[in-house]
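The following paragraphs lead the reader through a predicted model. Strand pairing is taken up at the start, then salt bridges, and finally a pocket.

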Amino acid sequence: PSPRRTGYCGRYDADLDNRVLKSVYWEEPDRRLIRSLWFHGEAGKRVPYEEEDSQEIEAALNRLRRGQERAPLLVPVNRGRHDVRFEAMPEQVDVTGSLSS
């Protein structure tokens, strides 16, 4: 069975396997549920990348971190219509709070 989570003060159930948000107390169309770590757009109007694109961006970042790729690195997104470009390796914060590269 699909795991269910309650969200928005118990007004919706989230079906995580099928990525659907369903209202509990009233009739309305189901909403699409997106899981994403990466967003695009202007400040205040950020939109999540599609799940597949977000996974590709995260995989590319991990390859950069492991030294398997070098910047600049282009990652095709939106079915190849756009690219996310890593210009340089982002700085990382270690557990002590100091910056490392």
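In this predicted model, Y12 stands opposite S23 in β3. That pair belongs to the contact between strand β2, residues 12–15, and strand β3, residues 20–23, which run antiparallel and are joined by 4 bridges. The two strands form a hairpin with 4 residues between them. Within the turn, R19 has a positive phi of about 55°.

Strand β3 also pairs with strand β4, which comprises residues 31–32. Here 2 bridges make the connection, and the strands again run antiparallel. In this pairing, L21 is the residue that stands opposite R31 in β4.

The salt bridges may be considered next. Their count comes to 6, and one of them returns the reader to the hairpin turn: the side chains of E51 and R19 meet in a salt bridge, with an N to O distance of 2.7 Å. Because E51 lies in helix α1 and R19 in the loop between β2 and β3, this pair ties together parts that are 32 residues apart in sequence. The two partners may also be described by their accessibility. E51 has a relative accessibility of 18% and therefore counts as buried, the cut-off being under 20%. R19, with a relative accessible area of 26%, is partly exposed.

Another salt bridge involves K22 and D30, whose closest N and O atoms are 3.3 Å apart. K22 has a relative accessibility of 29%, so it counts as partly exposed. D30 is likewise partly exposed, at 45%. A further salt bridge is formed where the side chains of R63 and E69 meet, at 3.2 Å from N to O. R63 is partly exposed, with a relative accessible area of 26%, and E69 is partly exposed as well, with a value of 27%.

There remains the largest pocket, which has a volume of about 250 Å³. Which elements each supply at least two residues of its lining? They are β6 (47–48), α1 (51–65) and β8 (82–86). Helix α1 thus appears in this lining as well as in the salt bridge described above, through E51. The residues that line the pocket include V47 and P48, E52 and D53, and H82 and D83. Also among them are H40, Y49, E50, V77, N78 and R79. By class, the lining has 5 charged, 4 nonpolar and 3 polar residues.

Notes
Residues are numbered from 1 along each chain as its sequence is written. This is a predicted model: local features need pLDDT of at least 70, side-chain atom pairs count only at pLDDT 80 or more; totals for chains, interfaces and linings use all residues. Side-chain values use heavy atoms; hydrogens and water are left out. On a 1 Å grid over the protein atoms alone, a cavity is a set of points where a 1.4 Å probe fits but cannot get out, and a pocket is an open set with protein on both sides within 12 Å along at least five of seven lines; lining residues have an atom within 4 Å of a point. Grid points are joined across faces, edges and corners, and a volume is the space filled by probe spheres set on the points. Ala, Val, Leu, Ile, Met, Phe, Trp, Tyr, Cys and Pro count as nonpolar, Asp, Glu, Lys and Arg as charged, and the others, Gly among them, as polar. Two strands pair if DSSP finds at least two bridges between them. A salt bridge is a side-chain nitrogen of Lys or Arg within 4 Å of a carboxyl oxygen of Asp or Glu. Buried means under 20% relative accessible area, exposed over 50%, partly exposed in between (1.4 Å probe, protein chains only).
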